Amino acid sequence: ALEAARRHDAAFNAHDAEARTATETPDIESVLPGGITLSGREQVVSFLRSFWDALLDARLKLENELAAGDSVVTEGTFTGTHSGTLRAPDGEIPASGNPVTLRYASVKRIRDGQVASEHLYFDQLEFLQQLGALPPAQER
């Protein structure tokens with residue numbers, strides 16, 4: 001299970017849609033903050049492409065991982081530069097040029113050596129603030 005999860009993340013870092021899709025079951029389900037649920041390889045890769053287009057240097061840095069049975073939990077840091085328009089379900093966020101550094105956690109379930117589901121957790125408010133789409137939190 002651990003090796004399948006690592007291949008999945010390596011394909012993300014390579015921005016290789018074909019390699020990423022090859023690590024996933026055809027019926028993959030991806031659940032993201034904001035109530036987003038993607039079903040099937042086509043929806044997942046379409047979402048990824050819009051993300052990669054907006055953050056051309058997007059990378060995941062693994063900091064901790066735990067495998068138990070068919071599940072792999074990873075914790076890490078996402079980094080990138082908002083250099084392109086982010087096409088989000090709620091509208092477009094124009095490029096800000098801002099650097100983004102965001103902690104995340106991911107729970108992947110593996111079936112037959114491929115990722116069958118991924119539940120991704122990150123602070124959506126912090127992400128939007130770093131993109132410049134929302135004002136930063138006020139210091140108190």
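This is a short talk on the sheet, the helices, the largest pocket and a few individual residues of one predicted model.

Before the details, a word on conventions: residues are numbered from 1 along each chain as its sequence is written, and side-chain values use heavy atoms, with hydrogens and water left out. Since the model is predicted, local features need pLDDT of at least 70 and side-chain atom pairs count only at pLDDT 80 or more, while totals for chains, interfaces and linings use all residues.

Let me start with the sheet. Six strands form an open sheet with mixed pairing, in the order S2-S1-S8-S7-S4-S3; strands here are DSSP runs of E with at least two residues, helices are runs of H or I with at least four, both numbered from the N terminus, and two strands pair if DSSP finds at least two bridges between them. Strand S2 (36-39) and strand S3 (59-68) stand at the edges with a single partner strand each, so one side of each is left without a neighbour in the sheet. From one strand to the next the twist averages 15°, where axes are lines fitted to C-alpha atoms, for helices over the stretch in contact, and angles run from 0 to 180 degrees between N-to-C directions.

Within that sheet, strand S7 (residues 99-111) and strand S8 (residues 114-122) run antiparallel and are joined by eight bridges, with Ser-106 standing opposite Leu-120 in S8. In the loop between S7 and S8 we find Asp-112, whose phi is near 55°, a positive value in a residue other than glycine. As background, most residues other than glycine have a negative phi. Asp-112 is exposed, with a relative accessible area of 74%, and the classes are buried under 20%, exposed over 50% and partly exposed in between, with a 1.4 Å probe and protein chains only.

At the S2 edge, S1 and S2 run antiparallel and are joined by four bridges, and Leu-32 has Ile-36 in S2 as its bridge partner. The hairpin of S1 and S2 has three residues between the strands, and in it Gly-34 takes a positive phi near 90°. Side chains alternate along S2, so to speak, with Ile-36 and Leu-38 buried and pointing to one face, while Thr-37 and Ser-39 point to the other and are not buried.

Now to the helices. Helix H3 (residues 40-54) packs on the sheet, where it touches strand S1 (24-32), S2, strand S4 (71-81) and S8, and its direction makes about 55° with that of S1; contact means heavy atoms within 4.5 Å. H3 has 15 residues and reaches 22 Å from its first C-alpha to its last, close to the 21 Å expected at 1.5 Å a residue, that expectation being 1.5 Å times one less than the number of residues. Among the buried residues of H3 are Val-44, Leu-48, Phe-51 and Trp-52. Helix H4 (residues 124-131), for its part, lies across S7 and S8 and runs at about 140° to S7.

Which residues are closest to the centre of the largest pocket? They are Leu-32, Phe-47, Phe-51, Phe-122 and Phe-127, out of 33 that line it, and H3 gives the most to the lining, with five residues. The volume of this pocket is about 630 Å³. On a 1 Å grid over the protein atoms alone, a pocket is an open set of points where a 1.4 Å probe fits, with protein on both sides within 12 Å along at least five of seven lines, and lining residues have an atom within 4 Å of a point. Grid points are joined across faces, edges and corners, and the volume is the space filled by probe spheres set on the points.

Finally, some single residues. His-8 is found in helix H1 (residues 2-13) and counts as buried at 0% relative accessibility. Not counting residues up to four places away in sequence, His-8 touches Arg-20, Thr-23, Glu-24, Ile-28, Lys-108, Val-115 and Glu-118; of these, Glu-24 is 16 residues from His-8 in sequence and 7.7 Å away in space, C-alpha to C-alpha. Thr-74, in strand S4, is buried with a relative accessible area of 2%, and its contacts beyond four places in sequence include Asp-9, Leu-62, Tyr-104 and Lys-108. By contrast, Glu-18 in helix H2 (residues 17-22) is exposed, at 69% relative accessible area.
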